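Colleague: I am new to reading protein models and would love some help. Could you take a close look at one part with me and then show how the rest fits around it?

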Amino acid sequence: MSSGNCDGSLSVSLRNVINSIQCIRDRVRDGESNESDGAFNLSNFWDTLNQAVKAVSQEATKLSLAFSRPPPPSAQDGEKLLESLLKSTLTLSTIFYWLPKSQGVTLRRRVRDATVEVLEGVTQLLEVLLSSPLPSLSREQLTSTGGVWSACDQFDQLPKENKGALLVVLSSQTGVVKDAIEELEQALSEAQDPFNDVLDDDQDEGNPRGNRDMYWSERDRQVMGPCQGLMKAAAGCLRKLASAVKANGDSAAPQNVAQLDDLADMSREISPSVDDLVLCLYPPMDYSGVGNNVSKLAALLKKFLEMIRSSHVCRESELTWVQFLEGAVDHNLQKANSLIQLDS
């Protein structure tokens, strides 16, 4: 913002507030919660947090409107607007710290990320105002103001306890694994050459590509079968666990909250393990890599299923699918290993 359109002290104040909010954001991102020996009321926390989020949205809107048309606000008015906005962000961060880890690390992570997103949105708005050549409602200012609104609005959709936070993680992981499975199935069904649309043959058109390393052999496809079965078992674990959490998950007892966190942590390991397996299945197929990644994914799924079995979300009715998936993991692991050893 040039000095001809805004008092120089106001530009300095804008920069100072930007720096302050960035420091607040960094502390929220890395800071610990304020554990208390007293009783924590989760419902009151959400009421207070939502009020604080609404205040940030309102103060950001006021500031944006003040810079949307000439003349720009006076130094005094601008200072008041900036002070109110900074105060609202401080209040938001302070209330976030009220949420103890005992309510669930997974829940706290969701609230933390949403709070950071609001603070980053406010910072972006202030930087747009600082760099705008004129006090007018630019497209960048509209976009950044809308970004603050969007970041604040998402608090209405946040899970309100650890059970819901775990379900969000499971839904995300299930989607990633499902996409990996479908991508591989599509590559298998579309053509003999999975890189046909990626690599361009500039060679003699009468000679098709002769590099057999670019194609799946019949034996490759045989090895692919149990690998796909293992990936489908991974998706099944996530999907069935989500149903069990919906039916039986409990966020009241501390030991149950901790179990939900453990399940969330392990579920986040599944999609990267599936991705590692998928990558080594593309031609030229690396049988050693396939064997290693099959073993790693199978071990992870066995550990995951054992964790599910010993958790409070696994009642007697869930044991059937846990046992079925354990059998599916073992079957596909053994079949994949036998085919790989046969090839070697």
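The part I have in mind is S172, which sits in helix α6, residues 162–190. Is S172 buried or exposed, or something in between? And what else would you point out in this model?

Modeller: Happy to walk you through it! Please keep in mind that this is a predicted model. Your residue, S172, lies within helix α6, a helix that runs over residues 162–190. S172 counts as partly exposed, because its relative accessibility is 43%, and partly exposed covers values between 20% and 50%. Now try following the chain away from S172. L238 is 66 residues from S172 in sequence, yet the two C-alpha atoms are 9.8 Å apart in space.

That pair leads nicely to the chain as a whole. Among contacts between residues at least 6 apart in sequence, 83% join residues at least 24 apart. The chain has 344 residues, and buried ones make up 47% of them. As for secondary structure, there are 11 helices and 0 strands, so your α6 belongs to a pattern that reads α-α-α-α-α-α-α-α-α-α-α along the sequence.

For an example of two helices meeting, look at α4 (residues 105–131) and α8 (residues 254–267). Two packed helices are described by the angle between their axes and the distance between the axes. Here the axes come within 8 Å and cross at roughly 65 degrees. On the α4 side you will find V105, T106 and R109, and these meet L260, D261, A264 and D265 of α8. Sorted by kind, the residues of this contact are 3 nonpolar, 1 polar and 3 charged.

Next, some rings. The structure holds 4 aromatic pairs. One of them is F40 with F45, a tilted pair whose centres are 5.8 Å apart, with 45 degrees between the planes. The pair counts as tilted because that angle falls between the limits of 30 and 60 degrees. F45 also pairs with W46, this time edge-to-face, at 5.5 Å centre to centre and 70 degrees between the planes. Together, F40, F45 and W46 form one aromatic cluster. How do its members stand with respect to the surface? F40 is partly exposed, because its relative accessibility is 27%. F45 is buried, since its value is 1%, and W46 is buried as well, at 5%.

Cysteines are also worth a visit. A disulfide is a covalent bond between the sulfur atoms of two cysteines. Searching the whole structure turns up 0 disulfides. Take C227: the nearest cysteine sulfur belongs to C280 and is 7.2 Å away, and C227 is in no disulfide. For a disulfide the two sulfurs would have to be within 2.5 Å. C227 is buried, with a relative accessible area of 0%. C152 is another buried cysteine, with a relative accessible area of 6%.

Finally, a word on confidence. The average pLDDT of the chain is 89, and 88% of the residues score at least 70. Some stretches fall lower, so check them before you read much into the picture there. Over residues 201–210 the pLDDT is below 50, and this stretch has 5 contacts in the model beyond near neighbours in sequence. Residues 1–5 stay under 50 too, and for them the model has 14 contacts beyond four places in sequence.

Note on methods: Residues are numbered from 1 along each chain as its sequence is written. This is a predicted model: local features need pLDDT of at least 70, side-chain atom pairs count only at pLDDT 80 or more; totals for chains, interfaces and linings use all residues. Side-chain values use heavy atoms; hydrogens and water are left out. Helices (H or I, at least four residues) and strands (E, at least two) are DSSP runs, numbered from the N terminus. Buried means under 20% relative accessible area, exposed over 50%, partly exposed in between (1.4 Å probe, protein chains only). pLDDT is the predictor's confidence in each residue, from 0 to 100. Contact means heavy atoms within 4.5 Å. Axes are lines fitted to C-alpha atoms, for helices over the stretch in contact, and angles run from 0 to 180 degrees between N-to-C directions. Ala, Val, Leu, Ile, Met, Phe, Trp, Tyr, Cys and Pro count as nonpolar, Asp, Glu, Lys and Arg as charged, and the others, Gly among them, as polar. Rings of Phe, Tyr and Trp (its six-membered ring) pair if their centres lie within 6.5 Å; planes under 30 degrees apart count as stacked, over 60 as edge-to-face and the rest as tilted.
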